[in-house]
Amino acid sequence: MLVSFKEILSDAYKNKYAVGAFNCLGIENVLGAIQAAEELKSPIILQLAEVQFPYAPIELMAPVFLEAARNAAVPVSVHLDHGQSFYTCAKAIKLGFNSVMIDSSSLPLLENVAATREVVKMANAFGVCVEAELGKVGDTGEGIGETGCSEMSADVFTDVEESAFFIEQTRVDALAVAIGNLHGKYIHTPQLNTLRVKEIKEKNNIPLVLHGGSGTSVSDFKACIHNGISKINVATAIQMGITAKIQEYLKTASSPNYIEMKYKMVEASKEVVADHIRLFESAGRY
């Protein structure tokens, strides 16, 4: 069932678990993600980042996301990840996405506030929720992640006082925070500043989001969830899971064929999503 972003995150925030938000670049990802969510009775978020449009055009993916969400036996929200402009957010809303992220985190604080506020005003007129980012989550440059950045960079931690100012000025529904996390494939397991999550949560009363979920340690995931993270983005882990599954299939199959590879892609997507649903403690929440 297609359910609002706010409804899904409000329950996660209230009951101290996190909802997985999975970047899906093809129908195989969508099928696998929905199957995992239904079997584990978990809410889920299907999302697509603007940087991924060349590989998965939003005009083609939107109907797939929406039809899968409407037919699912669990709550599903359809989200634009890392929208880079007002225009992209408006386009996603026109196509039926029921939440959008405007990422103006590279701008100075007041410019980020202004850009975010304009998207919130527009989105709210259509009953659509908005996520934004404060601080700067870096990018490993490995894989087709969420930002497309090709340069390895450390993040600028989200400031607690600035978070309160930003939320009050923009009225966003969820805030992505920078606590040492990076987009893409990690070379080394990061050490996240989970105390900063707790401080931001105590200062504000909205769901917080962790980007760069692929490669984070179990202990850091748990600490983030228990200290206020309500949504966790996963992109690279799905790509890596599918790649490994196909490589193994090609090694062992006596006569590889395309249809069987598609089944393997669905299977790999399902396995990765299911693992994260269990890790995020959202299984059995519906």
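In this predicted model, helix α2 meets helix α10 through Ile 27, Glu 28, Asn 29, Leu 31, Gly 32, Ala 33, Gln 35, Ala 36, Ala 37, Glu 39 and Leu 40 on the α2 side, and through Lys 262, Met 265, Val 266, Ser 269, Lys 270, Val 273, Ala 274, Ile 277 and Arg 278 on the α10 side. Sorted by character, the residues of this contact comprise 11 nonpolar, four polar and five charged. Helix α10 also packs with helix α9, and the axes of these two helices come within 8 Å.

**Packing of α2 with α10**
- Helix α2, spanning residues 27-40, packs with helix α10, spanning residues 258-280, at an angle of about 45°, and their axes lie 7 Å apart.
- The two helices are therefore oblique to each other, and the crossing of α2 and α10 is right-handed.

**Packing of α9 with α10**
- Helix α9, made up of residues 236-252, crosses α10 at roughly 140°, which makes α9 oblique to α10.
- This crossing of α9 with α10 is likewise right-handed.
- Among the α9 residues that meet α10 are Ile 238, Ile 242, Ile 246 and Leu 250, while their partners in α10 include Met 261, Met 265, Val 272 and His 276.
- The residues of the contact between α9 and α10 divide into 11 nonpolar, three polar and five charged.

**The chain as a whole**
- The protein chain contains 10 helices and 10 strands, and 56% of its 286 residues count as buried.
- Of the contacts between residues at least 6 apart in sequence, 74% join residues at least 24 apart.
- The accessible surface of the chain comes to about 12,100 Å², with 55% of that belonging to carbon and sulfur atoms.

Methods:
Residues are numbered from 1 along each chain as its sequence is written. This is a predicted model: local features need pLDDT of at least 70, side-chain atom pairs count only at pLDDT 80 or more; totals for chains, interfaces and linings use all residues. Side-chain values use heavy atoms; hydrogens and water are left out. Axes are lines fitted to C-alpha atoms, for helices over the stretch in contact, and angles run from 0 to 180 degrees between N-to-C directions. Helices (H or I, at least four residues) and strands (E, at least two) are DSSP runs, numbered from the N terminus. Angles under 35 degrees count as roughly parallel, over 145 as roughly antiparallel, 65 to 115 as roughly perpendicular and the rest as oblique. A crossing is left-handed if the near helix is turned anticlockwise from the far one by less than a right angle, and right-handed if clockwise. Contact means heavy atoms within 4.5 Å. Ala, Val, Leu, Ile, Met, Phe, Trp, Tyr, Cys and Pro count as nonpolar, Asp, Glu, Lys and Arg as charged, and the others, Gly among them, as polar. Buried means under 20% relative accessible area, exposed over 50%, partly exposed in between (1.4 Å probe, protein chains only). Accessible areas come from the Shrake-Rupley method with a 1.4 Å probe; for residues, only the protein chains shown count as cover.
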